[in-house]
Amino acid sequence: MTTHTASITCTSLSYAWPDGTTVFDGLTLAFGPGRSGLVGLNGSGKSTLVKLITGELAPTAGTIRVAGEIGHLPQDAALEVARRVDDVLGIAATRAALHAIEAGDVREEHFTAVGDDWDVEERALAALDGLGLGHIGLDRTVGEVSGGESVLLRLAALLLRRPDVLLLDEPTNNLDLYARRRLYAAVEAWSGVMVVVSHDRELLERVDQIAELRSGGVTWYGGNHSAYEEQLAAEQEAAERLVRTAGSDLRKQKRELADAHVKLARRKRYGQKMADNKREPKIVMGERKRQAQVSAGKHRIMHEERLAEAKERLDDAAEAVRDDDEIRVDLPSTAVPRGRSVLTLSNLRLAHGARAEGEFELHGPERIALVGRNGAGKSTLLRTVAGELAPLSGEVTAHVPLRFLPQRLDLLDEDLSVAANVARFAPATTDNHIRSRLARFLFKGARADQPAATLSGGERFRAALAALLLADPAPQLLMLDEPTNNLDMASVRQLTTALESYEGALIVASHDLRFLESIGVTRWLRLDGCLRDTTAEEVRAETDAG
């Protein structure tokens with residue numbers, strides 16, 4: 001059972017990459033009992049912090065103390081396909097000893113292996129069943145389960161161990177809607193220390209507090225993700241008011257300094273006029289001039305200090321306001337007339353068994369959500385439409401230029417810059433035109449010359465999206481496969497705003513219902529053996545039931 005004294009404490013934690021890039025410098029934070037969401041921009045150090053806590057990485061300086069046993073579900077971790085389910089669950093040896101005793105082998109070593117764990121199989125099956133894996137049993141191999149099931153299998157192993165501290169790093173990546181619901185339920189039932197690194201809003205609605213990593217520091221927000229967003233919005237509103245106030249004060253100080261210079265110039269002219277007319281004795285005029293200079297100097301210094309202070313207050317206030325740059329793209333060439341046929345699928349059978357029976361028509365500018373369980377064939381369908389895979393039978397006819405953005409984002413040449421990658425898709429476009437367009441995708445100036453290999457996850461996605469949308473000819477059908485995987489929330493917002501500007505037809509395969517609803521989906525398609533129309537309400541209802 002978990003202990004109420006379990007905790008994670010990081011004190012004066014510092015870490016730098018081998019090239020000298022600093023990730024943390026003197027970070028201090030602690031996680032106690034309850035569910036904590038760890039959020040931040042791509043590259044802010046979330047996964048690095050988790051690896052430091054688990055001991056996979058060693059800090060440059062500072063200490064990390066974990067009170068209690070730790071369990072870790074890493075991001076996108078693969079299991080050996082030959083391993084059996086009972087081995088992944090960590091009960092293979094105990095189970096083998098139990099079966100030996102049941103078969104009449106009463107050697108002491110078997111009893112030692114079992115200990116007090118006589119109900120190990122029942123507990124293991126209950127853990128599997130709680131995550132919707134009751135059908136796989138204990139004797140199958142990892143190679144016989146889907147990718148989403150393997151993630152839940154790893155979680156079942158952790159829940160069976162009952163660690164005091166549980167770390168989950170992007171656990172819903174690549175999970176279908178049904179698997180996500182199972183994981184959400186497991187998170188809600190957890191009673192120990194849990195740290196969840198995620199961009200999944202629905203998962204973060206189930207935490208007790210949010211820790212945000214930003215610029216090497218951490219800020220705590222009480223409540224779930226909705227509460228975090230409300231508090232953040234209030235903070236930003238207050239910060240923007242401070243900027244306006246500080247800006248107003250700065251303008252006032254500039255005016256007062258200018259007025260002071262005018263007054264000093266008048267005094268100087270008056271003194272010079274008196275001296276020229278010799279209306280006062282020379283010694284009196286000299287003393288008056290000296291006093292005026294001293295007074296003028298003090299006056300000038302006072303106003304200059306006030307101006308410097310006003311500038312500092314404005315800088316401090318501006319730092320608190322977040323950079324909410326958004327992708328703004330004007331792409332009239334992507335427009336598709338309403339009702340025009342965009343794509344036709346005729347008696348299509350895919351490589352892994354899924355199919356689209358009869359004539360299946362997509363018209364512009366429809367926004368289509370493609371949903372279905374892991375392994376249903378969504379990626380296979382998109383790759384077939386894109387021409388990367390040949391169907392087993394039937395035909396795919398695209399009536400407009402199309403582009404496909406795969407999950408792997410492997411369409412970028414790692415050795416080329418962002419601008420050069422875009423040029424590959426639009427060879428007839430001038431460099432100046434490409435760069436002016438890239439600025440709207442937030443690659444301004446020297447950022448357009450960054451090699452693709454050096455881009456963060458969010459930057460890589462923006463570069464790939466820019467390459468497709470700025471291609472020649474412009475795509476009038478855009479297909480995206482799980483576009484929000486590994487994107488932080490700021491990048492998801494940028495993607496949403498970019499798609500708002502896109503005027504062509506859109507097909508998005510995703511398990512992220514909130515994202516799908518945010519992009520104005522007009523038609524829902526389910527692929528579950530056969531492609532068919534469905535609704536958002538049906539998807540949610542079936543997911544909850546599943």
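**Sheets, cores and a pocket in a predicted model**

At 47% relative accessibility, A96 counts as partly exposed. This residue belongs to helix α3, which covers residues 92-102. A96 and A113 are 17 residues apart in sequence. In space, their C-alpha atoms are 9.0 Å apart. These values, like those that follow, come from a predicted model.

The chain as a whole comes next. The chain has 546 residues, and 45% of them are buried. Its secondary structure comes to 17 helices and 18 strands. Contacts with a separation of 6 or more were also sorted by distance along the sequence. Of these contacts, 70% join residues 24 or more positions apart.

One open sheet is built from three strands, in the order β2-β1-β4. The pairing in this sheet is antiparallel. Strands β2 (22-31) and β4 (61-67) stand at the edges. Each has a single partner strand, so one side of each is left without a neighbour in the sheet. Neighbouring strands are turned by 15° against each other on average, with direction ignored. Strand β1 spans residues 7-16 and pairs with β2 over six bridges. Here T9 has A30 in β2 as its bridge partner. Helix α1 (residues 46-54) lies across β1, β2 and β4. The helix runs at about 115° to β1.

Helix α1 also helps to line a pocket. The second largest pocket holds about 890 Å³ of space. A total of 33 residues line this pocket. N42, G43, S44, G45 and S47 are the closest of them to its centre. Four elements give two or more residues to the lining: β2, α1, β8 (209-214) and α14. The largest share comes from α1, with five residues.

A further open sheet contains six strands, in the order β5-β6-β7-β3-β8-β9. Its pairing is mixed. The edge strands are β5 (70-73) and β9 (217-222), and each pairs on one side only. Neighbouring strands of this sheet are turned by 20° against each other on average, direction again ignored. Within the sheet, strand β3 (residues 34-40) runs parallel to strand β7 (residues 193-197). Five bridges join these two strands. One bridge partner can be named: L38 is matched with V197 in β7. Strand β8 of this sheet is also among the elements that line the second largest pocket.

Strand β17 covers residues 523-528. Five of its six residues are buried, so the strand is largely enclosed by the rest of the structure. Strand β12 (residues 367-371) runs parallel to β17, and four bridges join the two. In this pair, I368 has R523 in β17 as its bridge partner. Strand β18 (residues 530-534) runs antiparallel to β17, joined by five bridges. Here D528 has C530 in β18 as its bridge partner. Strands β17 and β18 form a hairpin with one residue between them. In this hairpin, G529 takes a positive phi near 90°.

The nonpolar cores complete the description. The largest contains 47 residues. L438, L478 and W524 touch the most other members of this core. Helix α14 (residues 457-469) gives the most to the core, with eight residues. A second, separate core has 40 residues, including L79, L153, A179 and A186. Contacts of L478 in the largest core were listed without its neighbours within four places in sequence. On that basis, L478 is in contact with R403, L465, L468, L469, L499, Y502, A505, L506 and I507. Helix α14 thus appears in two settings: the largest core and the lining of the second largest pocket.

Note on methods. Residues numbered from 1 in each chain as written. Predicted model: local features only at pLDDT ≥ 70, side-chain atom pairs only at ≥ 80, totals over all residues. Heavy atoms only, no water. Core = buried A, V, L, I, M, F, W, Y, C linked by side-chain atoms within 4.5 Å. Buried < 20%, exposed > 50% of the residue type's maximum accessible area, 1.4 Å probe, protein only. Contact = heavy atoms within 4.5 Å. Pairing = 2+ DSSP bridges. Axes fitted to C-alpha atoms, helices over the stretch in contact; angles between N-to-C directions. 1 Å grid on protein atoms, 1.4 Å probe; cavity = no way out; pocket = protein on both sides within 12 Å on 5 of 7 lines; lining within 4 Å. Points joined across faces, edges and corners; volume = space filled by probe spheres on them.
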